[in-house]
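Hi everyone, thanks for coming. I'd like to walk you through a structure you probably haven't met yet, so let's get it up on the screen.

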Amino acid sequence: MLEASFVRRFGAEKLSFLQIRIIGHLYIYEGCSQRDLGKALNLDAMVVSRQVDRLVELDLVERRMSETDRRSRRLYLTKRAVALRDELYQKSMDVMAQALKGASDEDIQCFKRVLLGFVDNLEKDQFDYEMENDPR
């Protein structure tokens, strides 16, 4: 439902929820590689490639050759994407305000603590799994 709410608000820009996430990541980590983007958002390389292709077509992202590694391309926002930043941010905040409507500050803080606990537990589980399955 959260995703559908985002898509409704971003319909004019013809952006999917995943594309919004990618652009949001690039606002913070502009110049990252597609590999780094995929790792950060937990996405398959093919998914990242297709979505970045679409964002390039929409004139929101451009690929540039890395200055240090000719085999690597880096992702940068276009002027059009930079111009949309405030609007995208405001619409994102509107979605979150709608989702949290009626929740007290205490409820929100509790919700954050529970989510952070989920993340900590799952990161520990992943670490334990990797340690148990390390071939060394």
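Which residues touch the most other members of the largest nonpolar core? That list is Leu15, Ile23, Leu37, Leu60 and Val61, out of 24 residues in the core. Before I go on, please keep in mind that this is a predicted model.

So where does that core come from? At least two residues each are supplied by helix H2, which runs 17-29, helix H3 at 34-41, helix H4 at 45-57, strand S2 at 73-77 and helix H5 at 79-99. H2 gives the largest share, with 6 residues.

Let's pick one member and look around. Leucine 37 touches Ile22, His25, Cys32, Val48, Val52 and Leu75, if you leave out residues up to four places away in sequence.

Two of that leucine's partners bring us to the next topic, how H2 sits against H3. Arg21, Ile22 and His25 on the H2 side meet Leu37, Ala40 and Leu41 on the H3 side. Sorted by class, this contact has 4 nonpolar residues, 1 polar and 1 charged. As for geometry, the two axes come within 11 Å and cross at roughly 115°. That makes H2 roughly perpendicular to H3. If you like handedness, H2 passes H3 in a right-handed crossing.

Now turn to the other partner, H4. At what angle do H2 and H4 pack? It's about 85°, and their axes are 10 Å apart. Because of that angle, H2 and H4 are roughly perpendicular to each other. In this contact, Leu18, Gln19, Ile22 and Ile23 from H2 meet Val47, Gln51, Arg54 and Leu55 from H4. The residues here divide into 5 nonpolar, 2 polar and 1 charged.

One residue in that list deserves a stop, and that's glutamine 51, over in helix H4. Is glutamine 51 buried or exposed? Its relative accessible area is 18%, so glutamine 51 counts as buried, the cut-off being under 20%. Leaving aside neighbours within four places in sequence, glutamine 51 is in contact with Ser16, Leu18, Gln19 and Ile22. Take glutamine 19 from that set: the two glutamines are 32 residues apart in sequence, yet 6.5 Å apart in space, C-alpha to C-alpha.

Here's another buried one, this time in a loop. Serine 72 is found between strand S1, 61-65, and S2, and serine 72 is buried, with a relative accessible area of 15%. What does serine 72 touch? Not counting residues up to four places away in sequence, its contacts are Ser33, Arg64, Met65 and Ser66.

Last stop, a couple of backbone oddities. Asparagine 42 isn't a glycine, and still has a positive phi of about 55°. You'll find asparagine 42 in the loop between H3 and H4, and with a relative accessible area of 71% it is exposed. Then there's aspartate 59, also a residue other than glycine, where phi is positive and near 60°. Aspartate 59 sits in the loop between H4 and S1. Buried, exposed or partly exposed, which one is aspartate 59? It's partly exposed, at 42%.

If you take one picture home, make it H2: this helix gives the largest share of the core, and it lies roughly perpendicular to H3 and also to H4. Okay, that's my tour, and I'm happy to rotate the view for anyone.

Notes:
Residues are numbered from 1 along each chain as its sequence is written. This is a predicted model: local features need pLDDT of at least 70, side-chain atom pairs count only at pLDDT 80 or more; totals for chains, interfaces and linings use all residues. Side-chain values use heavy atoms; hydrogens and water are left out. A nonpolar core is a set of buried Ala, Val, Leu, Ile, Met, Phe, Trp, Tyr and Cys residues joined through side-chain atoms within 4.5 Å. Buried means under 20% relative accessible area, exposed over 50%, partly exposed in between (1.4 Å probe, protein chains only). Helices (H or I, at least four residues) and strands (E, at least two) are DSSP runs, numbered from the N terminus. Contact means heavy atoms within 4.5 Å. Axes are lines fitted to C-alpha atoms, for helices over the stretch in contact, and angles run from 0 to 180 degrees between N-to-C directions. Angles under 35 degrees count as roughly parallel, over 145 as roughly antiparallel, 65 to 115 as roughly perpendicular and the rest as oblique. A crossing is left-handed if the near helix is turned anticlockwise from the far one by less than a right angle, and right-handed if clockwise. Ala, Val, Leu, Ile, Met, Phe, Trp, Tyr, Cys and Pro count as nonpolar, Asp, Glu, Lys and Arg as charged, and the others, Gly among them, as polar.
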